[in-house]
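Trainee: I've just opened this one and don't know my way around yet. Could you walk me through it?

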Amino acid sequence: MGGAEPSTEPPANDPVAGALPHADLLQALAATRPDSALRHVEHLPGRDGRHSEWPAWTAPALVAALVGAGIGRPWSHQVEAAEAVRRGEDVVLATGTASGKSLGYLLPLLTAVLDGTSAPSGRGATALYLAPTKALAEDQRARVDALTLPGLRVATYDGDTPPDERRWIREHAGYVLTNPDLVHFSLLPGHERWSPFLRALRVVVVDECHAYRGVFGSHVALVLRRLLRVAARYGARPAVVLASATVADPSGHAAALTGRSVRAVVDDGSRRAPVTVGLWEPLPVDGGRRSAVAEAADLLAELVRSDVQTVAFARSRGGVEVLASAARGRLTSRGLDDAVAAYRGGYLPEERRLLERALRERRILGMAATTALELGIDISGLDAVLVAGWPGRRASFWQQVGRAGRDQSPASALLIAADDPLDTYLVSHPEAVFGAPVEASVIDPENPNILAPHLAAAAAELPLTEADSGYFGAQTVPLAGALTRAGVLRRRPTGWYWARDDRAADHVRLRGVGEAVAIVDRGTGRVIGTVDEGRAPAHVHAGAVHLHQGRTYVVSALDLEARTALVVEGDPGWSTQAQSVSEFTLVTEREHQRWGSVRLSVGSVEVTSQVVSFRRRLHSGEVLGEHPLDLPQHRLVTEGVWWTMPPDLLVAAGVAEAAIPGAAHAAEHAAIGLLPLVATADRWDIGGVSTALHPDTGLPTILVYDGYPGGAGFAHRGYRAAATWLEATADAIEACRCERGCPSCVQSPKCGNGNEPLDKPGALALLRTVLSTRPHR
């Protein structure tokens, strides 16, 4: 639960690294792979811890349980946070990975709930814990259960909780662990049934708050505001505690999520082990580089053979299964294949506990995992971490690296570059990894596309009034008026009311925008997943090959009106890629910068795209054929950043007029790949279009836009950091060793035009020329 000082020293369980310093472990790995390159090694020093005494108000039973669990004294930051929460302050705990943040809120939370058991109702104080995943809530529940505190009634409340148990939780539980989805779909619409719990609510915990970013984070911010609004209806003003090891502006992000001023606790008093971190570039093959997953499998097997306990992170569930299987195959001759396991989302709590136990007992020496491991399993004492491909954000990278050395023993971590422009840049520019802070977690809860349906949901919970602008911002009244004109709300003297017969909450999807298209197994009728309405034509068109939890399906039919895609399980032996045509209109320029004859702008754009065909491609890359599709156009009004260049500037830089389309297209692809360097985004959340002559500008124009209605803040971050972003884009193209372009620089895995035309030298010349025009400051 976030250890402070243990009562006994951790066991020495690092036989290989104990004899071989971790500074040399990475070099020893490099010696086994002479064709690959260890491009950089960074040494992160350890530190001693600082302790405090247990607060005098802490429940004696809680102190006894913690001491019995091996926590002799708390760290200083745990007590600082606990004292603030005890006073009713809102707090964000932003100390390092494995620093024991949970104890900082559990001390006041559990003390309040335990003290409340003496009330006539037996529930004088309650607390609510919110996690981004069910696995994390289960893990936190297990930690509290292990304390065996008399009289404490704790329960997890999620989609799998049976109706009878839900009733008991509402009526009796003092500490409820759940997720934002259940608060949105169940607790808030039925808040009258939760009234005794809400009336006694003292603390709300928002764990791993860095996970709430972009569109999902904006939705969760509005769910939190709705929760605080309903709690106030019952006379409660709970302290909100947020926790994250990797958030750039703790108090700012916490305030954006809650709508309240939040105190940041950032002075980490915990002890930290030294860690050596390396950047690794795999063997070049076929104009690109060897797969990061294949490279990680080799390295994982090598480490397991050397008795170095290691977790290897992959980006996808499929990648995890391939990585684990390949590593086992390399270990079969040594009889060590059972020493490697896979972990991904969707595992049952009992399966996670078995994996935890096997790791602690060192029966498992190698684990392949998705980011679900970051948030869903309690492991410590790992000797090494492998990261197969940049995880998208520094925050995620440091979360994964933080799994190494969690028992205070020295450890190693290695980032293995994937075939991707951003990875290419990072292994050549270690300062971008080690010399930069974690990214800001951008959210925009006032985005009208996100805010409007939450206002409707809020009106269904309690009448919406002008005073609720304090919760939802200045657009509350104008949007309520628009919802009234649309027949969604009804205006009365006492406020705005929900005007429809269905449930307002059902119109809001926290993890997307718009309606969802259900992916249905035609044989069983079972819904195996969903996809956003706007992405359905490209991902689940008729004939598409769809992967889900390691299984392969082929889409037999897509019905956009019924929002259903029917699939049949089976692997046809090829993959598919949708081909599309796109055009864009520049609606409103909000700001611009002049870089000589180059104009850089940010504002509102309208992107119209249409999936017109799909290609079948063998795993070798050979195209089997292209097949037409008849699908409607998709219109997206969003935010974008774009720049224009006069053709004579490009011609003078060596980009002939006939080469401009390919140069602009290649620069657009690389810029999309590098935008996550300066914005909290995944490249799949971003789109781009380029043209040699745009009707709105009359010039060659490159646009990069947010892939969500109304925008998500990514383009604005790119505009603000344009020089850094485009410089990194040019550097990544230049650093790539291919001649004509590859997935490590200018090819895109989601290009609707089949990566044609692309001109790598032209893209580099274009970007260098654009950068040369910027004013020097």
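Trainee: Are Asp 298 and Arg 290 buried or exposed?

Mentor: Keep in mind that this is a predicted model. The side chains of Asp 298 and Arg 290 meet in a salt bridge, 3.1 Å from N to O. The cut-off for buried is under 20% relative accessible area. Asp 298 and Arg 290 are both buried.

Trainee: Which residues are joined into one network by salt bridges that share partners?

Mentor: By the rule used here, the count comes to 34 salt bridges. Where such bridges share partners, they join up into one network made of Glu 727, Asp 731, Glu 734, Arg 768 and Arg 774.

Trainee: Arg 263 and Glu 89 pair up too, so how many residues apart in sequence are the parts they tie together?

Mentor: Their side chains meet in a salt bridge at 3.6 Å, N to O. Arg 263 sits in strand 10, while Glu 89 is in the loop between helix 4 and strand 4, so the pair ties together parts whose separation in sequence is 174 residues.

Trainee: And Asp 164 with Arg 167: which helix do they both lie in?

Mentor: These two form a salt bridge as well, at 3.2 Å. Asp 164 is exposed, with a relative accessible area of 56%, and Arg 167 counts as partly exposed at 39%. They are three residues apart, about one turn of the helix, and both lie in helix 7.

Trainee: What is the relative accessible area of His 184?

Mentor: Look in helix 8, residues 180–187, to find His 184. Beyond its neighbours within four places in sequence, His 184 is in contact with residues including Val 223, Arg 226 and Leu 510. His 184 counts as buried because its relative accessible area is 0%.

Trainee: Which residue's backbone oxygen does the side chain of His 184 reach?

Mentor: One of the contacts of His 184 outside its sequence neighbourhood is Val 508. The side chain of His 184 also reaches a backbone oxygen at 2.9 Å, and that oxygen belongs to Ala 505.

Trainee: Which helix gives the largest share of the largest nonpolar core?

Mentor: In soluble globular proteins, nonpolar side chains tend to be buried together. The largest nonpolar core here has 106 residues, and among those with the most contacts inside it are Phe 397, Trp 725 and Leu 766. The largest share, nine residues, comes from helix 24.

Trainee: Which tryptophan does Leu 766 touch?

Mentor: Setting aside residues up to four places away in sequence, Leu 766 touches several others, including Met 645, Ala 663 and Ile 702. The tryptophan it touches is Trp 643.

Technical notes
Residues are numbered from 1 along each chain as its sequence is written. This is a predicted model: local features need pLDDT of at least 70, side-chain atom pairs count only at pLDDT 80 or more; totals for chains, interfaces and linings use all residues. Side-chain values use heavy atoms; hydrogens and water are left out. Helices (H or I, at least four residues) and strands (E, at least two) are DSSP runs, numbered from the N terminus. Buried means under 20% relative accessible area, exposed over 50%, partly exposed in between (1.4 Å probe, protein chains only). A polar contact is a pair of N or O atoms within 3.5 Å; within protein, one must be able to donate a hydrogen and the other to accept it, and residues adjacent in sequence count only if both atoms are side-chain atoms. Contact means heavy atoms within 4.5 Å. A nonpolar core is a set of buried Ala, Val, Leu, Ile, Met, Phe, Trp, Tyr and Cys residues joined through side-chain atoms within 4.5 Å. A salt bridge is a side-chain nitrogen of Lys or Arg within 4 Å of a carboxyl oxygen of Asp or Glu.
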